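Biologist: I am a first-year student, and I would love a close look at the inside of this protein. Could you take me through it slowly and then show me one loop in detail?

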Amino acid sequence: QVQLVESGGGLVQAGGSLRLSCAQAGRASGIYRMGWFRQAPGKEREFVAHVAYRGDVTFYADSVKGRFTISRDSAKNTVYLQMNSLKPEDTAVYSCAVHNGGPEITMARAYIYWGQGTQVTVSS
């Protein structure tokens, strides 16, 4: 079992920045492919970003490409999501997740462990 704890959410004005963290804990902690998802009220969970084992390969949703950056510190078992130029439509609960190692990247079903999420609110 892998426990994931997100932090760094909050309230920010449009155009501002936030950095989310996702720390692993538990006996099964290790180097996994990881992803960030978000879910706004009344909407489906949405893929945001994915990072490979060594952090050298990343993939982003079109809606955040060029504004968000996913990275990892393997020594700390932590994954980050740097969010710049935030927009009101980025408002959501952001969750990190451990990938199952398969070929899918953007589907929630490809992720096996999930954190509780952290709220990001962007005001206009």
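Which residues have the most contacts inside the largest nonpolar core?

Modeller: Happy to help! Keep in mind that this is a predicted model, so every value below is calculated from predicted coordinates.

Let us begin with the whole chain. The protein chain has eleven strands and zero helices, so from the N terminus on you simply meet one β element after another. Its C-alpha trace spans about 40 × 25 × 25 Å along the principal axes. The radius of gyration is 13 Å, which agrees with the value near 14 Å that a compact globule of 124 residues would have. Of those 124 residues, 42% count as buried. If you take contacts between residues at least 6 apart in sequence, 55% of them join residues at least 24 apart. The outside is mixed: about 6400 Å² is exposed, and carbon and sulfur atoms supply 49% of that area. The chain also carries 13 positive and 9 negative side chains, with the centres of the two sets 5 Å apart.

Now to your question. In soluble globular proteins, nonpolar side chains tend to be buried together. Here the largest nonpolar core has 32 residues, and the ones with the most contacts inside it are W36, V48, F68, I70, L81, M83 and Y94. Several strands build this core. The elements that give two or more residues to it are β3 (18–25), β4 (34–39), β5 (46–51), β7 (68–73), β8 (78–83), β9 (92–99) and β11 (118–123). The most generous of these is β9, with five residues.

Try clicking on I70, which belongs to β7. Leaving out residues up to four places away in sequence, I70 touches M34, W36, A49, H50, V51, T58, Y60, V79, Y80 and L81. Two of these partners, W36 and L81, are on the list of residues with the most contacts inside the core. M34 and W36 fall in β4, A49, H50 and V51 in β5, and V79, Y80 and L81 in β8.

Next, follow the chain out of β8 and into the loop that leads to β9. L86 lies in this loop, and L86 is buried, with a relative accessible area of 1%. The cut-off for buried is under 20%, so a residue in a loop can still be well covered, as L86 shows. Beyond its neighbours within four places in sequence, L86 is in contact with V12, A14, G15, G16, S17, L18, R67, F68 and V122. One of those partners, F68, is also among the core residues with the most contacts. The C-alpha atoms of L86 and V64 are 9.2 Å apart, with their positions 22 residues apart in sequence.

Just before it comes S85, in the loop between β8 and β9 as well. S85 counts as partly exposed, at 41% relative accessibility. Setting aside residues up to four places away, S85 touches G15, G16, S17, R67 and D90. G15 is 70 residues away along the chain, yet the two C-alpha atoms are separated by 4.2 Å. The backbone is worth a glance here too. Most residues other than glycine have a negative phi. S85 has a positive phi, near 50°. N77, in the loop between β7 and β8, also has a positive phi near 50°.

Two further residues complete our tour of the β8–β9 loop. E89 is found there and counts as exposed, at 56% relative accessibility. Its C-alpha lies 7.6 Å from that of V122, although E89 and V122 are 33 residues apart in sequence. T91 sits in this loop too and is partly exposed, with a relative accessible area of 21%. Apart from neighbours within four places, T91 is in contact with A40, Q119, V120, T121 and V122. P41 is 50 residues from T91 along the chain, and their C-alpha atoms are 9.0 Å apart.

So within one loop you have met a buried residue, L86, a partly exposed one, S85, and an exposed one, E89.

Notes. Residues are numbered from 1 along each chain as its sequence is written. This is a predicted model: local features need pLDDT of at least 70, side-chain atom pairs count only at pLDDT 80 or more; totals for chains, interfaces and linings use all residues. Side-chain values use heavy atoms; hydrogens and water are left out. Helices (H or I, at least four residues) and strands (E, at least two) are DSSP runs, numbered from the N terminus. The radius of gyration is taken over C-alpha atoms; the globule rule is 2.2 Å times the number of residues to the power 0.38. Buried means under 20% relative accessible area, exposed over 50%, partly exposed in between (1.4 Å probe, protein chains only). Contact means heavy atoms within 4.5 Å. Accessible areas come from the Shrake-Rupley method with a 1.4 Å probe; for residues, only the protein chains shown count as cover. Lys and Arg count as positive and Asp and Glu as negative; His and the chain ends are not counted. The place of a charge is taken as NZ of Lys, CZ of Arg, CG of Asp or CD of Glu. A nonpolar core is a set of buried Ala, Val, Leu, Ile, Met, Phe, Trp, Tyr and Cys residues joined through side-chain atoms within 4.5 Å.
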